[in-house]
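Me: I'd like a close look at a single part of this model, with some context from the rest of the chain afterwards. Could you walk me through it in one connected answer?

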Amino acid sequence: MEGTTSFNPGFLGSSFNWWVGQIADDSVWRDNILPGKYADSGQVPGWGRRYKVRIIGLHDQGEESIPSEDLPWAQIMYPVTGGGGQTESSQTANLRQGNMVFGFFIDGQEMQVPVIMGVLGNNSQSNLEATIGNSRVTDTQSGSLNTSGIARGKIPKTEAEREVLPDEALQTTKPGVSSYTSIPSPKSILNEYGLSSSTSSSSVVRQYISDAEVLATKRGLKGQEYVNFVSKKVKRSLDSQKNREESPLSPAQPGATKEHVDGIHQLDTADIKRDDKYKQKIPMMKADNHLESAVKNIQTIVDNLISKIDKYLQTFQSYVEAVSNTVKNIRKEIENAASAMAKYMKVIYDKIAEYIIKIVNQGLTTVVSTIPSSFRHLFADVKEQMTQLTYCLYNKIVQKLAGQILSKLQDSIDLDGLEKKAKQQVLDGNKFQTAPRVPMCYAEDIVASTIRNTVDEVNSANDQLLSNLESFVGEIQSEIANITNQVDGITKEISSIVGSISGAMTFSNIKISLFGCDLSPNLAVSDFYTLDGGSGGQSQTQLPSAESITKGVGGGGESLTEEQTKPFAKPAKGQPSVINNPAPQTRVKPTS
C-alpha cells in the first residue's frame, strides 16, 4: 500500500530529517545565477536558484574529505508571501556565501536533496572571516564559521560578478582599531593613571607607562606631579596611536561592512551622505535686488566649495569622512564652482551694460531733439544697433568669466600644498582642523578682481560704442553744430563707468508708482535653501557692499581679503590724569 499512492508517507512525512549548514564558497554555485540580463532561460547553465550547502555533521568543514564542488545542490523553500513565480508573484532569494541556513531533506534517509527553509541572522559583534572555504586556526582545528558575504573564494570574481555594496552596508568606524584606545566604560575600575584594568594589562600600554615613568624619574618628579605627568604622557601616546590606526592612510582591515540584522540603527555611510546633502546650501536668486543677491549667491557657492575641500582634506585623517566622501575629483569641483559663479557674475555685468544703455539713452534725448526730423529715422536705426552692439560686446566679456574666476580660485586655494600638509600631519600622528566658514568679503573680492581684470575689455567695449556714435554724428555734424557738445557729455559719463562702478550696480532703471505714495514692498530675506532647515539668509554683518567692490575695482581701497584691526583709543603721552568725581549739578534759571 505504501508504494501505490502519490503521497508516499515513507518518502516524506514519516522520516523528516532536519539539518543546519553553511552556504559554501560562491565560486562553486554562482554560475547557476547569471549576474546580468539575459534573453533566453536556456542560457542559465543550471536549474532553478540553488546553492551548495556544507551541512554540519554530514560534511567536513575543512574540505579535506568533500570538496565544495561535490556538495549537493540545495533548493529554496519560499514563504507564502513570496509566491512561486506564477503571474510574476515572486521574491528573489537573498542568500550569500557564508550564511548559516537550516532545512530538511526532501528525500528522507537518502539525504541528497536538501531544501533551505530559513537563514540564521548574523550578529553585529561577530568578527567575520575575509576568506571562505578553508579557514583554519591550526592544522587540526577549523576556523570560525562567521564569514563575510564578500569574502575571497578560491576563484576570483570578474567585474560583472563582483558585488557593489550600497552605502547602507558600509560602517563609519574603521576596523582594526585597538580596543585599549577607546574610552573606559563607566563601570571600569581605574588605576592611579586613569586607565582601566583591561587597558593597562596590554603590553603596548605597559610600555607607554614604563617610558613615561622613566622620563618622570629623570625629571625628578614626585608625588602627584609624578602621577599627573605619567597620566598625560600615556594619554598622548594612546591618542597618537588611535589617530594613526583610525587614519584612512593606515592599512585597511577586514570588517568594514555592515553584515548583520540586529543593528539596524547603527550609523552607516548613507546616513552621513544624506546629512551632508541635507545641509548643502542651494543659492536662491531674489527678484528685488539682483546685485546683492548675485554677490550673496557667489558667497554661498564659495561656502559650499570650501566645505567640499574641507571634507576632502579630512579624508586623510578621518575614516568616516573618507567613506562618506562623494568628491571624486576636487579640482573638477573647483571648475564647476567657477562656472556657477560666472552665472551670477553675468547678472552684475548685465547691470553694468544696462547702466551704459541708460546713460546713452538719457544723453541722446537732447541729441535727438537737436537732429532735424529728416535724420531722426536714421538715428533710430543707429540707436537700435548700438543697443545690440552693447549686449554683444558684454556677452563676449561674460564668456571669459568662468576662466578668470577659476584662475582666481586656483591662486587663492593652494590645493597641492594643503594635501601635502594634511598628509604630513597624519603621518606625524597629529590632528588638524580647518575653517570652512567663508566671509562675505571674499565674495566681494572675487567680484572686484573679476571686474578689475576686465576693465580694459569694458573700456574697449565702451570706446567702440562711442566710436560708432561719433561716426554717425560726424556725418551730420556739418548741418548741426550743437550735437558735438551733447556727445562729449555722453562720452564723459561712459568713460567714468569703471571709477563709479557702485553707481552702475545700484541704480534702478524703472520704478512704477500708481499713486505717488506707494509703500515700499517687503524685501525677500532668504538667500539660500537647505533640505533640513529650509530657507536661510545672511546676517546683517555679512551683507555685500557695492562700495567695497568699487574699492577693489579701483585698487585704491584696502585689501578685502585681510581682516583689518582697528586700534583702541588711548590717551596721548603726557596727558594729565582725569579725576572721575562727578561735579555737583547746578540749576540754571531760564531767562525770560
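Reply: Let's start with serine 449, where a polar atom of the side chain lies 3.1 Å from the backbone oxygen of isoleucine 446. Keep in mind as we go that this is a predicted model. Serine 449 belongs to helix α11, which covers residues 440–453. Is serine 449 buried or exposed? With a relative accessible area of 4%, serine 449 counts as buried, because the cut-off for that label is under 20%.

Helix α11 also holds alanine 443. Its relative accessible area is 1%, so alanine 443 is buried. Which residues does alanine 443 touch, once those up to four places away in sequence are set aside? They are Val295, Ile298 and Gln299. Another residue to look at from here is methionine 341: the C-alpha atoms of alanine 443 and methionine 341 are 9.7 Å apart, while 102 residues separate the two in sequence.

Now for the wider setting. The protein chain has 592 residues, and 37% of them count as buried. Its secondary structure comprises 15 helices and 10 strands. If we take the contacts in the chain with a separation of 6 or more, 72% of them join residues 24 or more positions apart.

Among the strands, β3 (residues 73–76) is a good one to follow, as it has pairings to β2 and β5. With β2 (residues 51–55), β3 pairs in the antiparallel sense over two bridges, and here tryptophan 73 of β3 stands opposite lysine 52. With β5 (residues 114–120), the pairing of β3 is parallel, again over two bridges. On that side, glutamine 75 has valine 115 in β5 as its bridge partner.

Finally, there is the second largest pocket, with about 1000 Å³ of space. Its lining is made up of 47 residues, and those nearest the centre are Gln253, Pro254, Gly255, Ala256 and Thr257. Which elements give two or more residues to this lining? They are β6 (129–131), β7 (147–152) and α6 (319–323). Of these, β7 provides the largest share, with four residues. By residue class, the lining divides into 20 polar, 14 nonpolar and 13 charged residues.

To come back to your close look: in helix α11, serine 449 is buried, and so is alanine 443, with the side chain of serine 449 placed 3.1 Å from the backbone oxygen of isoleucine 446.

Definitions and conventions
Residues numbered from 1 in each chain as written. Predicted model: local features only at pLDDT ≥ 70, side-chain atom pairs only at ≥ 80, totals over all residues. Heavy atoms only, no water. Pairing = 2+ DSSP bridges. Buried < 20%, exposed > 50% of the residue type's maximum accessible area, 1.4 Å probe, protein only. Polar contact = N/O pair within 3.5 Å; in protein donor to acceptor, adjacent residues only side chain to side chain. 1 Å grid on protein atoms, 1.4 Å probe; cavity = no way out; pocket = protein on both sides within 12 Å on 5 of 7 lines; lining within 4 Å. Points joined across faces, edges and corners; volume = space filled by probe spheres on them. Nonpolar A, V, L, I, M, F, W, Y, C, P; charged D, E, K, R; others polar. Contact = heavy atoms within 4.5 Å.
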